Amino acid sequence: MRRLGVLILSTLLLASPFLGSVTDAGSTAVAGSGSHGTRGHDHGGALSWKETVIDADQSFRGLDAVDRRTAWVTGGSATEGGPGRVFRTTDGGRTWEDVSPPGTEGLLFRDVEARSAEKAVILAIGPGDASRIYRTTDGGATWDAAFVNDDPAAFYDCMAFYPGGRRGLAMSDPVDGKFRILATHDFGRSWTVLPDDGMPAAPTEYGFAASGDCLVTAGRSAYFGSGGGASRVFRSDDHGLTWTATDSTIPAGEAAGVFALTFRTPGRGVAVGGDFADPADGADAVATTRHGNLWRNAGDLSHLAEDVAYLPGHGHRLIVTGESGDVMGTSVSVDGGHHWSQVSEAGYHALDCTRDGSCWAAGGSGRVARLSR
């Protein structure tokens, strides 16, 4: 997403200095705003976010919740040249510990994939060696630099691991007209650039490092979304060696396209996006698929959609969220994305729900939140 880096960073809000290595900040309930769905369906006005500010200098776009007690968030500084930070909670968000690697000045940590309170892999984005992957197995006490990009043409946007955590992929904006895929087969210890013979040409497209979910896995399948000259969803069923590309139905544009995906099964999923140049326009910002190879336009939103997740234990129910400056919101759907209702005026960059029933969000100005019902 090299062409949009300045645009995305311009949405960050400058605020107070870093709060300390362990934060026990007060929480604020951000109440729902009633039903503001584009089609008048009230799907969950009782939902609200319980919000905490960890570090107001950070914009958090990386989030991985392990369960209702453990979650990781990663970000980048709103201060030019400031350090990117990594935080972890193991008590349900009551306290957050700064577990950042050393020497992270100027780095933008946009993705984190965690297997437990001890094991996590984080991705920093940017051109050249600004794209890096770090790995910890001791809760962030120490970090190994597993990958440092040495190709000035590459710009990594997001990563994802397959079930079990041994295999994983990271996606870069096109190099020589094709998206580049990085792969690991050893839980993120080492990474290798895959050959691009099986990647469709994408001379005018790029990815969006909006929420860490522009690349996801579902069973043995992997999916990523694009924007720019076209807005497509790419799918691989062989661990990233070959890909097929399908029109997402989400409008493309210089700052528009697919921002995030989520899947209920390897074939049934949802893609969301929008336009950072017009964040209040959520028309055609949602697409759904039943088999993973054909996407259909779904319900409109009243705000940008940077991330999406299935609500745990609720079948087809979905939640989306997004923020761009003062334009933000959270909406829910009870019918797989065909109709939406805005339940909160609070919005975030990243979203994650866990199997044990918790939903977490993270966004600008150092905000993290849990969903209250």
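Which hand does the disulfide of Cys-158 and Cys-214 have, left or right? In this predicted model, the torsion about the S-S bond of that pair comes out at about -105°, so the disulfide is left-handed. The sulfur atoms of Cys-158 and Cys-214 sit 1.8 Å apart. As for where the two ends are, Cys-158 belongs to strand β12 (residues 155-161), while Cys-214 is found in the loop between β16 (205-206) and β17 (215-218), so the bond ties together parts that are 56 residues apart in sequence. Neither end shows much of itself: Cys-158 has a relative accessible area of 0% and is buried, and Cys-214, at 1%, counts as buried too.

That bond has company, as the structure holds two disulfides. The other one joins Cys-353 and Cys-359, with 2.1 Å between the sulfur atoms. Here the S-S torsion is about 105°, so this disulfide is right-handed. Cys-353 and Cys-359 are both buried. With bonded cysteines counted along the chain, the pairing pattern reads 1-2, 3-4.

Next come the charged contacts. Searching the whole structure turns up 10 salt bridges. One of them brings together the side chains of Glu-306 and Arg-61, at 2.9 Å from N to O. This pair links distant parts of the chain, with Glu-306 in the loop between β25 (296-297) and β26 (307-310) and Arg-61 in strand β4 (residues 58-65), 245 residues apart. Despite their charges, Glu-306 and Arg-61 are both buried.

Another salt bridge is made by the side chains of Asp-356 and Arg-68, at 3.7 Å from N to O. Asp-356 lies in the loop between β30 (350-353) and β31 (359-362), and Arg-68 in the loop between β4 and β5 (71-77), so the contact ties together parts that are 288 residues apart in sequence. Both partners are partly exposed, but for the record here are the values: a relative accessible area of 32% makes Asp-356 partly exposed, and 39% does the same for Arg-68.

A third example pairs Asp-98 with Arg-85, whose closest N and O atoms are 3.3 Å apart. Asp-98 is part of strand β7 (residues 96-98) and Arg-85 is in the loop between β5 and β6 (86-89), so this bridge ties together parts that are 13 residues apart in sequence. Asp-98 is buried, with a relative accessible area of 17%; the cut-off for that label is under 20%. Beyond simple pairs, Glu-51, Glu-323 and Arg-367 are joined into one network by salt bridges that share partners.

Finally, there is charge on the surface to look at. Which residues form a positive surface patch? The members are Arg-115, Lys-119, Arg-166 and Arg-189. Of these, Arg-189 can be placed in the loop between β14 (178-184) and β15 (192-193).

Put side by side, the two disulfides come with torsions of opposite sign: about -105° for Cys-158 and Cys-214, and about 105° for Cys-353 and Cys-359.

Note on methods. Residues numbered from 1 in each chain as written. Predicted model: local features only at pLDDT ≥ 70, side-chain atom pairs only at ≥ 80, totals over all residues. Heavy atoms only, no water. Patch = residues over 30% accessible without salt bridge, like charges linked within 9 Å, V, L, I, M, F, W, Y side chains within 5 Å. Areas by Shrake-Rupley, 256 points an atom, 1.4 Å probe, with all protein chains shown as cover. Salt bridge = Lys/Arg side-chain N within 4 Å of Asp/Glu carboxyl O. Lys, Arg positive; Asp, Glu negative; His and termini not counted. Charge placed at Lys NZ, Arg CZ, Asp CG, Glu CD. Helix = DSSP H or I, 4+ residues; strand = E, 2+ residues; numbered from the N terminus. Disulfide = S-S within 2.5 Å. Buried < 20%, exposed > 50% of the residue type's maximum accessible area, 1.4 Å probe, protein only.
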